[in-house]
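Work through the exercises below with the sequence and the model side by side. Try each task before reading its solution.

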Amino acid sequence: MQIPAEAVTTAVLLEVVRISGLPTERGAPYPGRAGAHLTGSEAAGVLALIESLPGSEQHRCGFSPGWSVRAYADTLDLTLFEAAFCFNCHEVRMHGPAVPPALATQFFDAGAPQAHALLALFREAAP
């Protein structure tokens, strides 16, 4: 999976969010509760894990994401990107100022070991 290169190099904080619904408008944050705030090597490790997700074909479930990751720059008021993960349809939707259109929708193999590790991390971070 590809994450915007700018976001990888400038992100200082990752927020793991348990999604409770869908945004009311395009580009708005996914509603939910933050369960973990990761910095330093923890944040870098999660970004590397996300980047290591192998690609997959599109599956259809209606896109019902359960988790998202928000990446923040050092000012902490600017969200570089948010990536919402649906482990049913293997889809990731990203939005934010650092996300080029080509990366906005991607598909990952939800059965891969990396995806299982990411889901376990999300579950540990649940509020």
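A polar contact is a pair of N or O atoms within 3.5 Å; within protein, one atom must be able to donate a hydrogen and the other to accept it, and residues adjacent in sequence count only if both atoms are side-chain atoms. The model is predicted: local features need pLDDT of at least 70, side-chain atom pairs count only at pLDDT 80 or more, and totals for chains, interfaces and linings use all residues. Residues are numbered from 1 along each chain as its sequence is written, and side-chain values use heavy atoms, with hydrogens and water left out.

**Exercise 1. Describe the surroundings of His95.**

Step 1. Place the residue: His95 belongs to strand S5. Strands (E, at least two residues) and helices (H or I, at least four) are DSSP runs, numbered from the N terminus.

Step 2. Decide whether it is buried or exposed. Buried means under 20% relative accessible area, exposed over 50%, and partly exposed in between (1.4 Å probe, protein chains only). His95 is buried because its relative accessible area is 18%.

Step 3. Look for a polar partner. A polar atom of the His95 side chain lies 3.4 Å from the backbone oxygen of Gly27.

Step 4. List the contacts, where contact means heavy atoms within 4.5 Å. Leaving aside neighbours within four places in sequence, His95 is in contact with Gly27, Ala28, Pro29, Tyr30, Leu80, Phe81 and Glu82.

**Exercise 2. Find the largest nonpolar core and say which elements build it.**

Step 1. Fix the term: a nonpolar core is a set of buried Ala, Val, Leu, Ile, Met, Phe, Trp, Tyr and Cys residues joined through side-chain atoms within 4.5 Å.

Step 2. Find its centre of contacts. The largest core has 34 residues, and Ile50, Phe81, Phe85, Phe87 and Leu118 touch the most other members.

Step 3. Assign the elements. Two or more residues each come from strands S1 (13–19), S2 (32–39), S3 (67–72), S4 (79–86) and S5 (91–95), and from helices H2 (40–51) and H3 (113–124). H2 gives the largest share, 5 residues.

Step 4. Check for another core. A separate one of 6 residues includes Ile19, Phe63, Ala84 and Cys86.

**Exercise 3. Examine Phe87 and His90 in the loop between S4 and S5.**

Step 1. Phe87 is found in this loop, and His90 lies there too.

Step 2. Phe87 counts as buried because its relative accessible area is 18%. His90 is buried as well, at 13% relative accessibility.

Step 3. Not counting residues up to four places away in sequence, Phe87 touches Trp67, Phe108, Ala110, Ala115, Leu118, Leu119 and Phe122.

Step 4. Turn to the backbone of His90: its phi is near 65°, a positive value in a residue other than glycine.

**Exercise 4. Describe how H2 and H3 meet.**

Step 1. The axes of the two helices come within 9 Å and cross at roughly 140°. Axes are lines fitted to C-alpha atoms, for helices over the stretch in contact, and angles run from 0 to 180 degrees between N-to-C directions.

Step 2. Name the residues involved: Val46, Leu49 and Ile50 of H2 meet Gln114, Ala117, Leu118 and Leu121 of H3.

**Exercise 5. Locate Leu13 relative to other parts of the chain.**

Step 1. Leu13 lies in strand S1 and is buried, at 14% relative accessibility.

Step 2. Compare sequence with space: Leu13 and Glu42 are 29 residues apart along the chain, and their C-alpha atoms are separated by 9.4 Å.

Step 3. Beyond its neighbours within four places in sequence, Leu13 is in contact with His37, Leu38, Thr39, Arg70, Ala71, Tyr72 and Leu76.
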